[in-house]
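I opened this notebook to keep track of what I looked up, one topic at a time. The sequence and the structure come first, and my entries follow.

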Amino acid sequence: MRGVVFTGDRNLEVRELGKPEPGPGDVVLKMMASGLCGSDLTRYRMSSDRLGPTLFVAGHEPCGVVAEVGANVDSVRVGDRVMMHHYTGCDKCSMCRIGYTQMCLVQNTVYGSAADGGHQDYLLCPASTCVPMPDALSFEEGAAVACGTGTAFHAVKRLGISGVDTLAVFGQGPVGVSATMFGKAMGARVIAVDVIPERLALSEDLGADVVIDASKDDAETIIRELTDGEGADATLDATGIPDVRINAVDSARYWGRVCFVGEGNTTTFDVSAQIIHKQLTIYGSWTFSLSGLAEAANFVVNRNVPLKNLITHRYDLDQADAAYKLFDTGRTGKPVFIWE
Ligand SMILES: [Zn+2]
Ligand SMILES: [Zn+2]
């Protein structure tokens, strides 16, 4: 069987690997879809020195069918359609007990970087990480929900978005455009901001009321024009870029809410002027719990969220090099590897 490993500086290899055997408590998933997520690009771009001596199979949006179960597995059966919550922890601490194994107080493991992830024909994982999918959700949609889209759902939910809100979403990559889509599904007027035309076109397709090309126009000025000079009720940053984070904070109205989702970098704020005196509420939001994964998937199905339109490119695993080269340009929606 095949698996994709990043070898450093935007190089990758499709390697021949041995098929895994499930130990007690484990399952082997036959992969059906494996998404490409923005944080995969961070590792794809890393130098070989920073990747370290042990290279794991990439991909942390695994979705497939249970092919084999090990001893003592009764939570899933062969043939079940599942998404994988791509983390493991100690299963005993307070964070693991509420399903946030990524926040394990002892030690977490992230699949796709510290364990073999979804870009392979068969994936070995604990049965406890498998989340059954609604029948109406396709495998490629399940893969998207398994990281980027699920992350967006929970960030928008944290902001408490409703029909009275104007939500401005900064960054329209797969996570940001998913936030646009969910903001719309939760009733808000949504303003989508990016600098790449292909992304803004996808934002409109997924429900944005207004799109702003920040390479041409000042986002904060337009957001104020659209909100009687006051600013958006809620803003979300999906870029992690310091200047854009500052834009997200400054575009929020007095008493507004701001959610940071995009990772990395250091950002400096004048806390008194930009945050305290505006009475802002600032959230950080990192992915979701095990039950949160199921909740996001059910929302997509029950509210007819147009998630399938997010998936713009489909590849065989053998085309991994081309897939990552294109994703690296930022001009796609969500690319996925798919299996027949
Ligand atoms: Zn733990
Ligand atoms: Zn991700």
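**Entry 1: helix α6**

I began with α6, where I found Pro174, Val175, Gly176, Val177, Ser178, Ala179, Thr180, Met181, Phe182 and Gly183 to be buried, a word I use for under 20% relative accessible area, with exposed for over 50% and partly exposed for what lies in between (1.4 Å probe, protein chains only). These make up ten of the twelve residues of α6, so that I call the helix mostly covered. I take helices (H or I, at least four residues) and strands (E, at least two) as DSSP runs, numbered from the N terminus.

Before going further I noted the ground rules: this is a predicted model, in which local features need pLDDT of at least 70 and side-chain atom pairs count only at pLDDT 80 or more, while totals for chains, interfaces and linings use all residues. Residues are numbered from 1 along each chain as its sequence is written, chains are lettered from A and ligands numbered from 1 in the order in which they are written, and side-chain values use heavy atoms, with hydrogens and water left out.

I then looked up the span of α6, which is 16 Å from its first C-alpha to its last, close to the 16 Å expected at 1.5 Å a residue; the expected span is 1.5 Å times one less than the number of residues. Just after α6, I noted that Gly187 has a positive phi of about 105°.

**Entry 2: the cores and the domains**

Which residues touch the most other members of the largest nonpolar core? I found Met83, Val145, Ile161, Phe182 and Leu236, out of 44 residues in that core. A nonpolar core here is a set of buried Ala, Val, Leu, Ile, Met, Phe, Trp, Tyr and Cys residues joined through side-chain atoms within 4.5 Å. Among the elements that each supply at least two residues of this core are β3 (26–35), α4 (139–145), α6 (174–185) and α11 (290–302). Because domain 1 (2–147 + 288–338) and domain 2 (152–284) both give residues to this core, it lies between them. The domain bounds come from an automatic or database domain assignment.

I also looked at how the two domains meet: 19 residues of domain 1 are in contact with 17 residues of domain 2, where contact means heavy atoms within 4.5 Å. Their C-alpha centres lie 27 Å apart.

Leaving out residues up to four places away in sequence, I listed what Val145 touches, and the list includes Met83, Phe288, Leu293 and Leu307. I noted as well a second, separate core of 31 residues, which includes Met31, Val76, Met84 and Tyr324.

**Entry 3: the zinc ion**

Which protein donors does the zinc ion (ligand 2) have? I found Cys37 (SG), His60 (NE2) and Cys147 (SG), lying 2.0 to 2.3 Å from the ion. Donors are N, O and S atoms within 2.8 Å of the metal (3.2 Å for Na, K and Ca), and water is not among the atoms, so sites may look incomplete. Along the sequence, the spacing of the donor residues reads C-x22-H-x86-C. His60, in the loop between α2 (48–51) and β4 (62–69), and Cys147, in the loop between α4 and α5, are 87 residues apart and link distant parts of the chain. His60 is buried at a relative accessible area of 7%, and Cys147 is buried at 6%.

**Entry 4: the cysteines**

I searched for disulfides, meaning pairs of cysteine sulfur atoms within 2.5 Å, and the count came to zero. The sulfur of Cys125 has its closest cysteine sulfur in Cys130, but that is 4.0 Å away and therefore too far for a bond. Cys125 is buried, with a relative accessible area of 1%.

**Entry 5: two positive phi values**

I reminded myself that most residues other than glycine have a negative phi. Trp255, in strand β14 (residues 252–260), has a positive phi near 65°, and Trp255 is exposed at 61% relative accessibility. Asn265, in the loop between β14 and α10, has a positive phi of about 70° and counts as exposed at 56%.
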